[in-house]
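Biologist: I have not looked at this one before. Can you take me through it?
Modeller: Yes, here it is.

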Amino acid sequence: MGFTQFFSGVVTIITTLIFMLTINVKITLVVVVLTPLSFFVAGFIAKRTYQMFKKQSEARADMTSLVNEMVGNQKVVQAFGYGETASGRFDTINGRLKEYSMKAIFFSSITNPSTRFVNNLVYMGVGITGALSAITGAITVGQLSCFLTYANQYTKPFNEISGVVTELQNALACAKRVFDFIEEEPEPKDDEDAVVLTDAKGNLDLEHVSFSYKKDVPLLKDLNLTVKPGQKIAIVGPTGCGKTTLINLLMRFYDVDSGAICMEGVDIRHITRESLRENYGMVLQETWLKSATIAENIAYGNPNATREEIIHAAKEAHAHGFITRMPEGYDTVISEEGGNLSQGQKQLLCIARVMLRLPPVLILDEATSSIDTRTEIRVQQAFEKLMEGRTSFIVAHRLSTIRTADRILVMKDGNIIEKGTHEELLAQDGFYRQLYESQFA
């Protein structure tokens, strides 16, 4: 619609300008000289209109985000009495949205009257100049009347175009957010010579690995580690020491700044991400489910699994009992948030998913944090069976869960400060002993 108005407006302006030139060049020059005023006024207002529409779009996005977060986590909001605070945050954002919206509407509303005012100045200039010319006999009264009609036709499209420009400012402000998202740098593509990892055993080597999220704030520094197939590696340390970062590097969610991480002797930067990640099985403290049946959620990593295999994996994870008590059993549909499941039940489903997948490398990040003690003991026994012959990384704050690890890495400030078995680290009387005694002394 805007293009049609713009195109017809330009044609009208050019045509009337030609007709005016054929009548009187001098008066036409008055029209042409005054015309840029209309562009200047429209441009001046359009810049401010765009800024207000941009802020309005950002404020609306903040409000949508807040509403989505609060409604999606309604139980948490109610449990912690966060309702009034959430309402206060909503009112603050809503106030900003109101302010920007009113300013955007105000600036967009004055565009057309402003250009009309300038166009009337053009009309007035033509009338005065034409009248003086008619008195001196340069043009006839009929020509002046004709000229005023052309001048009126000449200025009309500017009002229409200014209206289109105003609508365009709102569209551009919204489109910019979409284009910013589209143009966001995606995950770098695999190298052209990247190999597909097949038949992985679980050999991992970290050689002088350094990494930081911000270049001026170092996190992991000169990290060295060799892991053989079947070894259980436990990673402990205070919050923020780099445990989860190490896991992210192993999965290649980030690339190392220097050094190398090798799987089966190949730098993981030269392995396709898909084939690399197919060899990992993860159970995290933060559960993730999709909107589907319980059976489909368990089979997420192995879609071709039979119903018998799914049930067997659920039994291994001690999830079969509560699943059979669900209205439709394994065919019960759950939401992405798993609203009809407890946190412990959701974690058991994630554990069953890994039990079904049986990858060569396991990553357990507080995998039993939401499970009751009795069930945890059973799940730990199942994990012990699952980890036989598989390389395993266990991130844990509860040190009782890692006593049987082949090697415990104690991390602090991005460095591995102690290595050894549970008994060896206790005998060293170092940082690990302090962590252990803080829980059990």
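Biologist: What is the strand order in the open sheet of six strands?
Modeller: This is a predicted model. In it, the order runs β6-β9-β10-β3-β11-β12, and the pairing is mixed.

Biologist: Which are the edge strands?
Modeller: Strand β6, residues 280-283, and strand β12, residues 415-420. Each of them pairs on one side only.

Biologist: And how many degrees are neighbouring strands turned against each other?
Modeller: On average 20 degrees, ignoring direction.

Biologist: Which helix packs on the sheet?
Modeller: Helix α11, residues 343-357, which touches β6 and β9. The direction of α11 makes about 165 degrees with that of β6.

Biologist: Back to the strands. In what sense do β3 and β10 pair?
Modeller: In the parallel sense, over four bridges. Strand β3 covers residues 232-236 and β10 covers residues 391-395.

Biologist: Which residue in β10 is the bridge partner of lysine 232?
Modeller: Serine 392.

Biologist: Different topic: helices α2 and α4. At what angle do they pack?
Modeller: About 170 degrees, with the axes 8 Å apart. Angles over 145 degrees count as roughly antiparallel, so α2 and α4 are roughly antiparallel to each other.

Biologist: What residues make up the contact of α2 with α4, by class?
Modeller: There are 27 nonpolar, 15 polar and eight charged residues in that contact.

Biologist: Last one, threonine 293. Buried or exposed?
Modeller: Buried, because its relative accessible area is 15% and the cut-off is under 20%. Threonine 293 lies in strand β7.

Biologist: What does threonine 293 touch?
Modeller: Leaving out residues up to four places away in sequence, threonine 293 touches Tyr330, Asp331, Thr332 and Val333.

Key. Residues numbered from 1 in each chain as written. Predicted model: local features only at pLDDT ≥ 70, side-chain atom pairs only at ≥ 80, totals over all residues. Heavy atoms only, no water. Helix = DSSP H or I, 4+ residues; strand = E, 2+ residues; numbered from the N terminus. Buried < 20%, exposed > 50% of the residue type's maximum accessible area, 1.4 Å probe, protein only. Contact = heavy atoms within 4.5 Å. Pairing = 2+ DSSP bridges. Axes fitted to C-alpha atoms, helices over the stretch in contact; angles between N-to-C directions. Parallel < 35°, antiparallel > 145°, perpendicular 65-115°, else oblique. Nonpolar A, V, L, I, M, F, W, Y, C, P; charged D, E, K, R; others polar.
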